[in-house]
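Notebook open, coffee poured. I want to look up the ligand site first and then the odd backbone spots.

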Amino acid sequence: MRSLRILSCGGAHPKRMVTNDDLAKIVDTSDEWITTRTGIKSRYFCSEGETANSMAIEAASVALKRSGVDPAEIGCIVTATISGDYATPSISCMIQKELGLPEEIPVLDVSAACSGFIYALEVARGLLESTGGRYALVTGCEQLSKLLDMTDRSTCVLFGDGAGSCLVEAFEDEQSEQKKFVTSLGAKGDMAITAEGVGTAKTRIQMDGKEVFRFAVSTIPKCIQDVLEKSNQVIDEIDWIVCHQANARIIEHCIKKMKAPAEKFYMNLDHYGNTSGASIPMALNEMYEQGLLIPGQNLILVGFGAGLTWGGAFLTYKGVDR
Ligand code: ACO
């Protein structure tokens with residue numbers, strides 16, 4: 001089976017930044033509580049005219065443009081989301097339409113909450129493999145602000161809106177066993193995080209925060225270890241570990257538990273909050289824009305969240321000439 005690597009990244013977020021102090025004006029909370037419990041200082045919420053579709057289209061458009069790949073060569077479009085504008089058509093279909101991408105390719109959205117981007121990468125690999133395509137646009141996009149109960153301080157301070165996208169390439173590489181794309185995916189049916197579906201009177205995120213915290217700190221280290229074993233590598237050979245950006249305390253807890261080098265764990269949740277399926281590709285895009293992603297680097301990506309689901313991936317950043 002062919003492997004997968006990242007060529008380019010793109011991202012988008014709404015214009016309106018909402019600080020912890022802004023939230024303290026509408027619910028009984030404080031910058032001090034939110035910062036010490038989560039590490040979050042601000043997040044973005046969509047305003048008039050900004051939607052999941054508009055953010056995803058912008059992020060995918062930037063990734064496509066930066067890659068230099070001919071749009072006619074895109075072999076599939078996969079988007080991770082739990083907060084699309086429509087139950088149908090999918091966000092991916094809107095990306096296809098707006099970017100003028102080919103019609104004879106698979107185009108779909110994936111629902112695996114905060115692990116969604118990792119699932120989407122594996123789905124894209126499988127689709128490229130079965131169709132013989134070479135390039136995929138894989139996006140994570142969430143407009144979680146519309147799923148928030150703004151009277152529930154235990155959830156409304158945690159989440160934000162945004163989108164990130166990667167243009168990935170399927171490739172043959174018989175020489176380098178160690179550079180192969182591998183994933184570790186799993187789920188256990190659990191109602192610790194819920195949001196009621198289409199047709200219900202109220203669709204709002206509800207969460208047993210403590211339960212999710214316990215799940216995350218036991219799952220992330222196991223997932224990273226599994227990805228390392230499957231890719232036949234040790235942590236020293238990994239350049240960056242990009243975890244789902246839910247809570248700084250979760251990531252710090254895992255670093256301590258694993259005795260792992262903290263500087264390899266990228267974090268940007270302080271200014272985006274938890275953007276669920278968008279958080280990993282948004283982090284990758286920010287790393288790209290800051291020049292932190294260097295061609296040939298080894299990456300581990302780890303998602304965890306509602307489902308409960310988890311997903312880890314090893315892949316390389318190939319990049320393109322800038
Ligand atoms: N401001 C002030 N006080 C608050 C707030 C707030 N925003 N929210 C809760 N509190 C209060 C509670 O009411 C409680 O008060 P009490 O002791 O008087 O009852 C106290 O703070 C402690 O609340 P806890 O829920 O015990 O706080 P905890 O330390 O567990 O932190 C948190 C909560 C931040 C949610 C943490 O549990 C966490 O990060 N969990 C993981 C969440 C996560 O990672 N989700 C990712 C997946 S999301 C997805 O998949 C869509």
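My entries on the ligand, its pocket and the backbone follow.

**Ground rules.** I am working from a predicted model, where local features need pLDDT of at least 70 and side-chain atom pairs count only at pLDDT 80 or more, while totals for chains, interfaces and linings use all residues. Residues are numbered from 1 along each chain as its sequence is written, and side-chain values use heavy atoms, with hydrogens and water left out.

**Ligand shell.** I looked up which residues are around the ligand (a heavy atom within 4 Å of it). There are 24 of them, and Thr29, Arg37, Cys114, Lys210 and Asn247 come nearest. By type I get twelve nonpolar, seven polar and five charged. Here Ala, Val, Leu, Ile, Met, Phe, Trp, Tyr, Cys and Pro count as nonpolar, Asp, Glu, Lys and Arg as charged, and the others, Gly among them, as polar.

**Polar contacts.** I took pairs of N or O atoms within 3.5 Å. A polar side-chain atom of Arg37 is 2.6 Å from a ligand oxygen. Two backbones also reach a ligand nitrogen: an N or O atom of Arg153 at 2.9 Å, and one of Gly209 at 2.9 Å. On its own the ligand has 1000 Å² of accessible area, and the protein covers 75% of that (Shrake-Rupley method, 1.4 Å probe).

**Pocket.** Where does the ligand sit? I find it in the largest pocket, with more than half of its atoms within 2 Å of the pocket's grid points. A pocket here is an open set of points on a 1 Å grid over the protein atoms alone, where a 1.4 Å probe fits, with protein on both sides within 12 Å along at least five of seven lines; lining residues have an atom within 4 Å of a point. I noted a volume of about 760 Å³, the space filled by probe spheres set on the points. The lining has 32 residues, and Leu158, Met207, Gly209, Lys210 and Val212 lie nearest the centre. I sorted them into 18 nonpolar, eleven polar and three charged.

**Helix α7.** Helices are DSSP runs (H or I, at least four residues), and strands are E runs of at least two. α7 gives the most to the ligand shell, four residues, and also the most to the pocket lining, again four.

**Backbone oddities.** I found a cis peptide bond joining Thr88 and Pro89, omega about 5°; Pro89 is in the loop between β4 (74–80) and α4 (91–99). Gly307 to Leu308 is cis too, with omega near -10°, and Leu308 lies in strand β13 (residues 307–317). Ala113 has a positive phi, near 50°, though it isn't glycine.

Methods: Polar contact = N/O pair within 3.5 Å; in protein donor to acceptor, adjacent residues only side chain to side chain.
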